[in-house]
Amino acid sequence: MESENIPVHFYFCPDPEDVEEDMIADFPGNYDEGDAAGKCFFLTASEVCRTHFVRAYKNLSPLLGDKYLKSLSVCIDLSGIFNATACYFFHCSDDKNGEYHFGARPSALTAYLKNYWDSDYTLSPFYQHLWEHELIHMLDHEHAGYKFSPESADYKEFWIQYILSFRSEGIAELYDLMKGHNPIKDMNSARCKFRSEIFKLIFKGWYNSENIQKSKKQINESVIYYSVGQWMVLHALSCTDNTELKSLLQKVSLQINDGLDVNEQDMFIIIKHALELDVDHFIHCLTECGSDGQVFISPVVLNEIPKRIINDRNRRQGKDTDIVYENDDLRLVGLFDRIWPENSISYSSRPGN
Ligand SMILES: [Zn+2]
């Protein structure tokens, strides 16, 4: 698709009519319309965001090729209400009708405007690949359908969502990993990091609502899924009988270890396979041996999660008790049950126990 045909449009939050001058005063650039060199802030902001979005779209064209896209809407947040620098709004997007929604925070716009006005300013890889990450989330729409309530009094819901973030953020970050921008360069370091994170998760306090909120905050602050998740995805992909894929994964892992470039064709083959990895299979593979003959995490450790989830099944309290569980969250809460059905769980007989 030619860039002028990409059906993307940008809008502001709040609407330009409601934006006070001091809200845009700190953005880099000259927006004095009385000055011959001054530009219109809103036009320039839309233009720079479009440039970076379209560049990412073109970079991912081998993945986006036959995707039906009716509209891509990007909200440029001027007030800082969004949590992330950029986001894909899963719940507002309609995959069947090809309608997708994204958002960008003021920090992203600031970086883009700096880059626009100052030719010496180079964007960091994080800002350079912001939209590749979000577009991969869009391509992963089918598998990302787990709703959870961040305010839920049930920590189990948080745990599952947390574990699943390693899959979804890991897939979205594969592009960056294969471009050489991940601080973790090998499978073993990723395994160690994940293992220590799971211990942290299990041994934090999860016994009353105040303590649960505090633990959630501490766990969320470490956000290791952005650097570890990619390796978990590569591990899960290597648990396959497909020998061609296995050897490709081995080759690419070595290239990443050695800081070498991964060729684009190999990169897109891997991302395509990753986008087919459903959540149940992903979790299941973590305790299976990958192509290096090792599990990503011992079942002894990972099983602490379903054990707690199953044993604490009826602890959920509060206004969201029934409504949330009765709908989509049934799938989320049932995740570990499907992989290791409750009635057949015998921890003493599972490998490694
Ligand atoms: Zn993400």
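1. Let's start with a strand pair. β3 and β4 run antiparallel to each other, joined over three bridges. To find one of these on screen, go to C87: its bridge partner in β4 is G103. Keep in mind as you look around that this is a predicted model.

2. Now for the other neighbour of β4. β2 and β4 also pair, this time in the parallel sense and over six bridges. Two spots to check: C75 has G103 of β4 as its bridge partner, and I76 has A104 of β4. G103 is worth a pause, as it is the bridge partner of C87 and also of C75.

3. What is the order of the strands in the sheet? Reading across, it goes β1-β2-β4-β3, an open sheet of four strands with mixed pairing. The edges are β1 (8–13) and β3, each of which pairs on one side only. From one strand to the next, the twist averages 20°.

4. Next, a helix on the sheet. α2 packs there and touches β1, β2 and β4. Compare its direction with that of β1 and you get about 135°.

5. α2 has a helix partner too. It packs with α4 at an angle of about 95°, and the two axes are 10 Å apart. An angle from 65 to 115 degrees counts as roughly perpendicular, and α2 and α4 are therefore roughly perpendicular to each other.

6. Which residues make that contact? From α2 come A45, V48, C49 and H52, and from α4 come L109, Y112, L113 and Y116. Sorted by class, the contact of α2 with α4 has seven nonpolar residues, one polar and no charged ones. If the spacing of such positions looks regular to you, recall that an α-helix has 3.6 residues a turn, so residues three or four places apart point the same way.

7. A quick sanity check on α4 itself. It covers residues 106–117, twelve residues in total, and at 1.5 Å a residue it should span 16 Å. The C-alpha atoms at its ends are 16 Å apart, which agrees.

8. Finally, what surrounds α4? Its buried residues are P106, A108, L109, A111, Y112 and L113. L109, Y112 and L113 also appear in the contact with α2. The cover over the buried residues of α4 includes strands β2 (71–77), β3 (86–88) and β4 (99–104). Helices contribute as well, with α2 (41–59), α5 (125–128) and α6 (130–139) among the covering elements.

Note on methods
Residues numbered from 1 in each chain as written. Predicted model: local features only at pLDDT ≥ 70, side-chain atom pairs only at ≥ 80, totals over all residues. Expected span 1.5 Å × (residues − 1). Buried ≥ 20, exposed ≤ 12 C-beta atoms within 10 Å, placed from the backbone. Contact = placed C-beta atoms within 7 Å. Pairing = 2+ DSSP bridges. Axes fitted to C-alpha atoms, helices over the stretch in contact; angles between N-to-C directions. Parallel < 35°, antiparallel > 145°, perpendicular 65-115°, else oblique. Nonpolar A, V, L, I, M, F, W, Y, C, P; charged D, E, K, R; others polar.
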